Structures are given as C-alpha cells and as structure tokens.
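Take a moment to look at the model below. The text that follows walks through it one part at a time.

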Amino acid sequence: MEQIIMKDVKKRYKTGVTAIYDLDLTIKKGEFVFIIGPTGCGKSTLTKMLYREEKPTSGTINVGGIDVAKLRNSKVYKLRRKIGVVFQDFKLLPKATVYENVAFALEIFGAPKDEIHAKVLKVLDLVGLKNKAKNYPGQLSGGEQQRVAIARAIINGPKLLICDEPTGNLDDDTSKEIMKVLEAINKLETTIIMVTHNRKIVKEMKKRVILLDAGRMVKDYAEGTYEGV
Amino acid sequence: MRAFRIFARNIRDAFISVVRNISLSAASISSITITLLVVSISIILTYNVDHFATLVEKDITIVTFLDKSITPDKILEIRDAINKIDNVDSYVFNSKTQILEEMMQSSETFNNIMKDWTVEDNPLQDTYLVKVTDIKKVNEVAAKIKKIEGVSLVKYGEGIIEKLISTFDMIRQISLAIVASLVIVTTFLISNTIKLTIYSRKTEISIMRLVGASNINIKIPFIFEGLFLGIIGSIIPIIVTMYSYVAIYENFDGQMFSPFIKLVAPRPFIYLVSLILFGISVAVGMLGSWWAVRKHLKA
C-alpha cells in the first residue's frame, strides 16, 4: 500500500531558486528509503514538503491520505501527529531532562501520567537510553542526543519517520548505532525516509535509494541494488 | 478529564517556564510594574480632576427671581412650567420670608437692618433654585425659564459658567487621552518585552509544532505565562497605589491646596483603581503573549 504519493511536484522559493522540478515519487508502507545527492540538490526541501514545513509550488503530495499541498497552516498539526521527524541538530529542549523531552510529545495531547510514563520508558529502552532518563541533553554525547530525538519522534507511534541527516554530526561508530535503532524501528512497520550524505551507510544498509541532482530525481535504486558511486 | 489534564499541564508549564526563564520574566515583570505605576498616577489624577469638576458642576444653580407682586397661585403655575422644561433635575422654592430669615441668621449686621421689616416692607423676591441634569444645557434652560410669565430675573453665573464648563471639558479630554495613550504604550512595551522572551524560545515553539501540537496547544501555555507575568507585575503598583493614596489623603486632610479642591475619598476609590490596574496588567500580559507567539506560528 502506498503511503506517500508525489506527482509533478515543483518547488520554487520566493528568492527565485527552484529546488525541486517535476518530481514523481511513490513510497510504500514499511519501506526504508534513503535520499541522497550533492549539497543543494533539493533533499531537505523534499522532506520539508512531506511534513509541510514547505508547500509545493505545484503538483500534489499525499501523505497517509492527507493532501499536504492543500493543508492549511492551522491544520498542519493533523499531519505532524502522524509522522515523526528527526534532525541533524537534534532540536532538544536544553532545559528539560531526557524524560521530559520525550514525554513532551505526549503531554501536549493530555495523555494520562501513567500512560506517558510507560510509553516514555518503553521508547527510551528501544533507543538504549533508559538509564539516562534524568540527564539533561547537555550531559549526553551527540549520538545519545540523537537517540533522544528519535525516541521523541516515535513516541506517538507514527507510521512515517523522516530523518534529515540524522548522522550528519556523528562519527562512524555512533552513526552505526543510530542506524541500528532506525532499522529496529523500521522492523516495527514504520516507513523511514532518511536524507543523508553518508554513502558508506547507504551502501551498507542495502535499502531503496533515491538520487537527486539539481532538483531532479536522477535515479531510483531498488532495495539492494545501490553499490555506491 | 483529558481537557482538565491539558489545563493543569498548561498552568504547571507556564509556572515552570516563568521560573526557568527567570531573567526574561523579570524583565517583563519590571516593565509591567513601572508602566502600571505611571498608569496608576494618571488614573488617580484624572479621576480627581473629574471629581472636582463634577462637584463644581453640581453646585451650579439657576436662581429664578419671581415678580415682587407674585400671587400664591402664580407661584404654583411657575412651578408647573419649570417642571415641564426638559433637562431640569430638581428645584426648590425659597420664599422671600425664608430668605429674609436665613440672611438675618447669617449675619448680625443683616439682623440689625432687617429685624424691623414687615412682610410688606420686605424688598426681597421669591425664588426658585433650579438644578439641571446636563450642565452644558444650563443656558437653554435658563432662557426657557426667563420666558415664563411672572419670572423677573434669572441668574446662573452666565459667562463664567460656560468658560468653566469648556475648561473642565478640555481638562477631561486631555487627561483621558493621556490615560489612553499610556495604556497603549504599556501594551506596546509589555508586548515587546514578552516578544523578546518568546523569541528566545522559538526553538521550543518549533519543536512543539514538529511533534504535532496545534496552534491552540502552543498558544495556551504562553497565554497562561502572560497571565502569571501580569499578576506578578501588578502586585507592586497595587500596593503602592493603595498605601500612598491613603497616606496622601490623610496627610492633606482630604483636600488639595484649599478646601475648595476636595480629593476623592480613598475607599472604595483605591479598590477600583487596583482592580483597573489588575485588569490592565492581566489583559496586557495575556494579549502581549498571544500576539508575540502568533508571529511564530505562521508556517
């Protein structure tokens, strides 16, 4: 079943720069897709349109049944509740503990305390940080902070996880750890779209790979066919 | 239950956030405190000027002198005629005998001169003392009374009264404009300080949006925060207003410079001013926060 359908998508910024040209892309439920390409090729713009941080200039984007291009600003939260997003710079609240950072995503919906507690511990366990629940982000390594961000992104049980260069700030070993976590999440039937520069990881993971260049999709490698360039 | 949990969480978070961002909270609170003190002073001044003007206006009376040879029936006819005039608030009849007695009681000299006067000798005139509802129309009422048959003369301080009324009007308008502009400046100042507080937390807002918080979800904790800042910011101005006004009132014996200028009695006046200050502070705190956070919610 298709989870993401993009048709004739074009994105032109107000500055006059066109970041995406005529993109057609379909991603099925439970897929793990890498989006790669040189700097400025439109990778981030593509993912930003998926979680409606940016609106396409033309074309249609359907994410889990929601027509993203037509979604009004005030209704964006409906989409965001169905997807999780992870960034290179983690975007954690520095003055809140690991537990609070993760619980935050549930608290705003008024979930009961017991439910929050159980879910937070479960996801922290999944990302291997159960013993750091009381620490503050500043007391954690980069890899650990990214795992907190992943835990926060998946706590609501999203069907889609978008990762924008999640290993961009991390060394090789830590990046591998993060990839293991993402793979475990993917096994739970969560679709994962990951933007990365790290071709080594892409090569090792043997997943579907979309190659962008100058705003156009130049290649779509099926699972296991990407050999690196 | 869910709504209650969200509500409780919002209050808790707002409180935590005031404490966690203590330096910016302190900036907002002190800006509210200082501007409210100025607002308080201007409200007190305006209210006292208005009070003084109202007292003076209440004293304005149209003295209606009746003909010397007026008959008791005619006096009643004139009363009915006055009664029919629009804008007449009240009237009192003063017979010439009554006036004579009052004058004799008021001074020994008058007493010596007037004691031998009989009813026929009394040169004074019967009068109606008329008060009007709208002081601006005093001249219209006076003109109508003057036309009534049997009325010989009408006096209300014409010339001076009109000047006095227009001066009071001007003072009222100026002081109202000052209070209004101060409230606007306060709103602007407080909202800007809160904007700074919120700007420093734009990452937090973007994270909230990212994890699927609706605009209302995001706004409410900030609005509660504004409410807390408003409540805390109003404490000092309210205490200062209450104590200092009572102290000034007691120190000056309830009057300023002369017995003619009476100050507004402190109670319930200070409670009213405190309530206004509290209302402004809370409203401006909440509105300022709402306004500031709104800017960060445009995707």
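Which residues of helix 7 of chain B are buried? They are B:Thr186, B:Ile190, B:Ser191, B:Thr193, B:Ile194, B:Thr197 and B:Ile198. Keep in mind that this is a predicted model.

Stay with helix 7 of chain B. This helix runs over residues 160-199. Its 40 residues should span 58 Å, because each residue adds 1.5 Å. The C-alpha atoms at the ends of the helix lie 58 Å apart, so the two values agree. What covers the buried residues? The cover includes helix 2 (22-59), helix 9 (215-251) and helix 10 (266-294), which also belong to chain B.

Now step back to chain B as a whole. Chain B holds 10 helices and four strands. Along the sequence, they follow the pattern α-α-β-α-β-α-α-β-α-β-α-α-α-α. Of the 299 residues in chain B, 27% are buried. Now consider the contacts in chain B with a separation of 6 or more. Residues 24 or more positions apart account for 85% of them.

Turn to chain A and its helix 3, residues 98-107. Why is this helix described as largely enclosed by the rest of the structure? Nine of its 10 residues are buried, so the description follows. The buried residues of helix 3 of chain A include A:Val98, A:Tyr99 and A:Asn101. A:Val102, A:Ala103, A:Phe104, A:Ala105, A:Leu106 and A:Glu107 are buried in this helix too. Their packing partners come from both chains. Chain A supplies helix 4 (113-126) and helix 5 (142-154), and chain B supplies helix 1 (2-20).

Next comes the sheet in chain A. Strands of a sheet pair through backbone hydrogen bonds, either parallel or antiparallel. In chain A, six strands form an open sheet in the order 6-7-8-3-9-10, and the pairing is mixed. Strand 6 (83-87) and strand 10 (216-221) of chain A are the edge strands, each pairing on one side only. From one strand to the next, the twist averages 15°.

Look inside the sheet at one pair. Strand 3 (residues 32-36) and strand 8 (residues 191-195) of chain A run parallel, joined by four bridges. Here A:Val33 stands opposite A:Ile193 of strand 8. Helix 5 of chain A packs on the sheet, where it touches strand 6 and strand 7 (160-164) of chain A. The direction of helix 5 makes about 165° with that of strand 6 of chain A. Helix 5 of chain A also packs against the buried residues of helix 3 of chain A.

Technical notes. Residues numbered from 1 in each chain as written. Chains lettered and ligands numbered in written order. Predicted model: local features only at pLDDT ≥ 70, side-chain atom pairs only at ≥ 80, totals over all residues. Helix = DSSP H or I, 4+ residues; strand = E, 2+ residues; numbered from the N terminus. Buried ≥ 20, exposed ≤ 12 C-beta atoms within 10 Å, placed from the backbone. Contact = placed C-beta atoms within 7 Å. Expected span 1.5 Å × (residues − 1). Pairing = 2+ DSSP bridges. Axes fitted to C-alpha atoms, helices over the stretch in contact; angles between N-to-C directions.
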